[in-house]
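Open the model in a viewer with side chains shown as sticks. The tour below covers ring contacts, then charges over rings.

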Amino acid sequence: MSIDPKSAVNAFDDEARIARMVERLSEWVRVESPTRNANAVNAMMDVLVAGIDENIASVERVPGRDGLGDSVILRAGPQTNEKPILVLSHLDTVHPIGTAEKDNPVRREGDRLYGPGIYDMKGGAYLALEAFMEVARRGTAKRPLTFLFTPDEEIGSLTTRGLIEELGRHAEAVLVTEPAREGGKIVTSRKGVGRFDVHIEGRPAHSGSKHAEGRNAIHEAARQISVIEAMTDYERGVTTTVGLINGGTAMNTVPQHCRFSIDLRVATVADGEEFAEKIMGLVPLAPDFKVTVTGGMNRPPFERTQEVAQIFALAQEIGNEIGLDVQECPRTGGGSDGNFTAIFGVPTLDGLGIDGDGAHTLQEYALISSIAPRAKLIASFLERIG
């Protein structure tokens, strides 16, 4: 099938346009936006909003809460009662302020554009915005279009999950602009994520003169951790990790308290329910201890359903038309906001963002050569999903 001359896809064959996009993306990356710094995240949202032509797309700014930044919703396309296509991006990053100047300065080296958060995921957010606005400008979408930018994905979407779910459950399809995987692959399934905190309480005592009277909370934690780590089952795609631990008050005191955190990853909803129940049901393994567990599933699994397979087939069809070899990534262990929409059975594709590598590291970069084809892919989705 040939590309319609009116299609927004054609806009990204313009080399001068891509050069301007590289410059603009570099500006975005210099506006550092670590999640817990609401002012910094809102400064990034200011930059986003300032670049929107409100004659083409409407802008709704949702105030942040609980000390986190704002969200921004763009709406465009035909004003009908049909279900919209929803695009999801987050503009928060994991790197502290100053990274863009010192540890990973924004710079171009050949095809690589370096900078904190450029791969995860300002690169994908920006190229998707360009595609969204171009489709809106040309009026080539068959359905209403919605684009949600969030401030807190990197810490589990603590304040925006409800908004994502509300927009997602009423969407025809959801496109998530998290970075591409392993050379440009699209993500069609993700594990679910559970987060739990465990508090062990024992009995304090002097470690010299009263040792026998003490009940060592750290020792009990070690026993519990052995049980938790043994829950890992690679064949089922279940992993349990104790990644943080804190306990004790002094070298010469039998510790009364120990706290640790558990990261649970599961491939299916059923496994999430089963292993969350096991973790929440932890009981003391020795006398005179108290075990308290809080938490639960943070993100449900994003499973590769028939609906996901169908929208991925459309991605491959589009790829054939624009000269992009579209492949899918086997299930990834990390969660995203796509987990919150896929659970409703809404066709969801992830990993549609920029190609590159080094997420969450000081070597993070994006591939400039991936900007045009990824923008074309998203633009075509916005035009083709009917």
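Select Phe147 first: in this predicted model, its relative accessibility is 0%, so Phe147 counts as buried. Now add Phe149 to the selection. The ring centres of Phe147 and Phe149 are 4.1 Å apart and the planes meet at 10 degrees, so this pair is stacked. Like Phe147, Phe149 is buried.

By the ring-pair rule, the model has 4 aromatic pairs. For another of them, keep Phe147 and select Phe132. These two rings pair edge-to-face, with 5.4 Å from centre to centre and 70 degrees between the planes. The contact joins distant parts of the chain: Phe132 belongs to helix 3 (residues 118-138) and Phe147 to strand 6 (residues 145-150), 15 residues apart. Is Phe132 buried or exposed? Its relative accessibility is 0%, which is under the 20% cut-off, so Phe132 counts as buried.

With Phe132, Phe147 and Phe149 all selected, the view holds one aromatic cluster. Phe147 takes part in both contacts described here, edge-to-face with Phe132 and stacked with Phe149.

Next, clear the selection and turn to the charged side chains. Select Arg107 and Tyr114: Arg107 lies over the face of the Tyr114 ring, 4.1 Å from the ring centre.

For the last stop, select Lys278 and Phe275. What sits over the ring of Phe275? The charged end of Lys278 does, at 4.5 Å from the centre of that ring.

Key
Residues numbered from 1 in each chain as written. Predicted model: local features only at pLDDT ≥ 70, side-chain atom pairs only at ≥ 80, totals over all residues. Heavy atoms only, no water. Phe/Tyr/Trp six-rings, centres within 6.5 Å; stacked < 30°, edge-to-face > 60°. Helix = DSSP H or I, 4+ residues; strand = E, 2+ residues; numbered from the N terminus. Buried < 20%, exposed > 50% of the residue type's maximum accessible area, 1.4 Å probe, protein only. Lys NZ or Arg CZ within 6 Å of the ring centre and 35° of its normal.
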